[in-house]
Amino acid sequence: PLYGKLSYDPIKDFAPIGKIGDAVLILVAHPGLAAKSLKEVIALSKTQAGGLSYGTSGTGGTPHIAGELLKQRSGANLTHIPYKGGGQALTDVLGGNIPLVYTAIAGAIPHVKSGKLHPVAVSSARRATSLPDVPTFIENGLSDFEINSWVALLAPARTPKAILDKLNSELNAVLNDPEVRERLNGMGIAATPGTPEKFGEEMKRDLAR
């Protein structure tokens, strides 16, 4: 396990209100890396004795889990380099100290648009609105490879259903506001209004995976 015994149960000790949105993850490379497409990155990694290094915001975060799942699903020879935050990881790939970074799309967008970083793929189900030219992992042949770092609201367990439903209704009203959706898109977050029950089931599926 990534962590020892937790002081709480993520399912039993919380009541889901609703998901705010999915923060899209992206695999980016230093432009000097010979491999450009995902298939090329995987093929190149298999020729490296120590593997290709990829940085993330830290051990146990969603980008790290996504990178390890990529290794399992593709057979890529990748070596995880944990940083104390995504910003440090991006700084090192920009400086050419590491070839790859798996990170939230928001921090990578300006560097991709300026050409300082090369986008390999996004791990959302569909292409990101903020970087529509970047293919998904699914398009690259990894079926069902959808991994997002979601942002959500939770309440203490045993919160009355009427209160949860009221909070969910207010949350969905905000998420359906065009201005709010645009602001979230600018941060690489796709708004996902829905019910507490639907989000609760997603939490259980993600935990099991």
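Me: Why is E202 called buried in this predicted model?
Reply: The relative accessible area computed for E202 is 17%, and a residue counts as buried when that value is under 20%, so E202 meets the criterion. The model is a predicted one, and E202 has its place in helix α7, residues 196-208.

Me: What does E202 touch, leaving aside residues up to four places away in sequence?
Reply: E202 touches K19, D22 and W150, where a contact requires heavy atoms within 4.5 Å. Two of these, D22 and W150, are bridge partners, with W150 lying in β7.

Me: How do you know that β1 and β7 are paired strands?
Reply: Eight bridges join β1 (residues 14-23) to β7, and the two run antiparallel; because pairing asks for at least two bridges, the criterion is met.

Me: What makes β7 and β8 edge strands?
Reply: In the open sheet of three strands, whose order is β7-β1-β8 with antiparallel pairing, β7 (149-156) and β8 (189-191) each have a single partner strand, so one side of each is left without a neighbour in the sheet. From one strand to the next the twist averages 40°. Helix α5 (residues 161-175) lies across β1, β7 and β8, and runs at about 10° to β1.

Me: What is the strand order of the open sheet of five strands, and which strands stand at its edges?
Reply: The order is β4-β3-β5-β2-β6, with mixed pairing. The edges are taken by β4 (78-82) and β6, each of which has a single partner strand, so that one side of each is left without a neighbour in the sheet. Here the twist averages 30° from one strand to the next.

Me: Why do β3 and β5 count as a pair?
Reply: They are joined in the parallel sense over two bridges, and because at least two are required, the pair qualifies. Within β5, L100 is the bridge partner of Y54. Helix α2 packs on this sheet, touching β2, β3, β4 and β5, and its direction makes about 155° with that of β3. Helix α4 also packs on the sheet, where it touches β2, β5 and β6, its direction making about 125° with that of β5.

Me: How do you know that the buried residues of α4 line one face of the helix?
Reply: In α4 (residues 105-114), the residues I105, A108, I109 and V112 are buried. Seen down the axis of α4, the buried residues fall within an arc of 125°, so they line one face of the helix. This fits the general geometry: an α-helix has 3.6 residues a turn, so residues three or four places apart point the same way. The buried residues of α4 pack against β2 (25-29), α3 (86-94), β5 (100-104), β6 (118-122) and α6 (178-186), and the helix is followed by G115, whose phi is positive, near 85°.

Me: Which residues touch the most other members of the largest nonpolar core?
Reply: Of its 23 residues, these are L27, L100, Y102, F137 and F145. At least two residues of this core come from each of β2, α1 (38-45), β3 (52-56), α2 (62-74), β5 and β6. A second, separate core of 18 residues includes V28, L90, A108 and I109.

Me: What does L100 touch, not counting residues up to four places away in sequence?
Reply: The contacts of L100 include L27, V41, L52, Y54, L78 and V93.

Terms used: Residues numbered from 1 in each chain as written. Predicted model: local features only at pLDDT ≥ 70, side-chain atom pairs only at ≥ 80, totals over all residues. Heavy atoms only, no water. Buried < 20%, exposed > 50% of the residue type's maximum accessible area, 1.4 Å probe, protein only. Helix = DSSP H or I, 4+ residues; strand = E, 2+ residues; numbered from the N terminus. Arc of directions from axis to C-beta. Core = buried A, V, L, I, M, F, W, Y, C linked by side-chain atoms within 4.5 Å. Axes fitted to C-alpha atoms, helices over the stretch in contact; angles between N-to-C directions.
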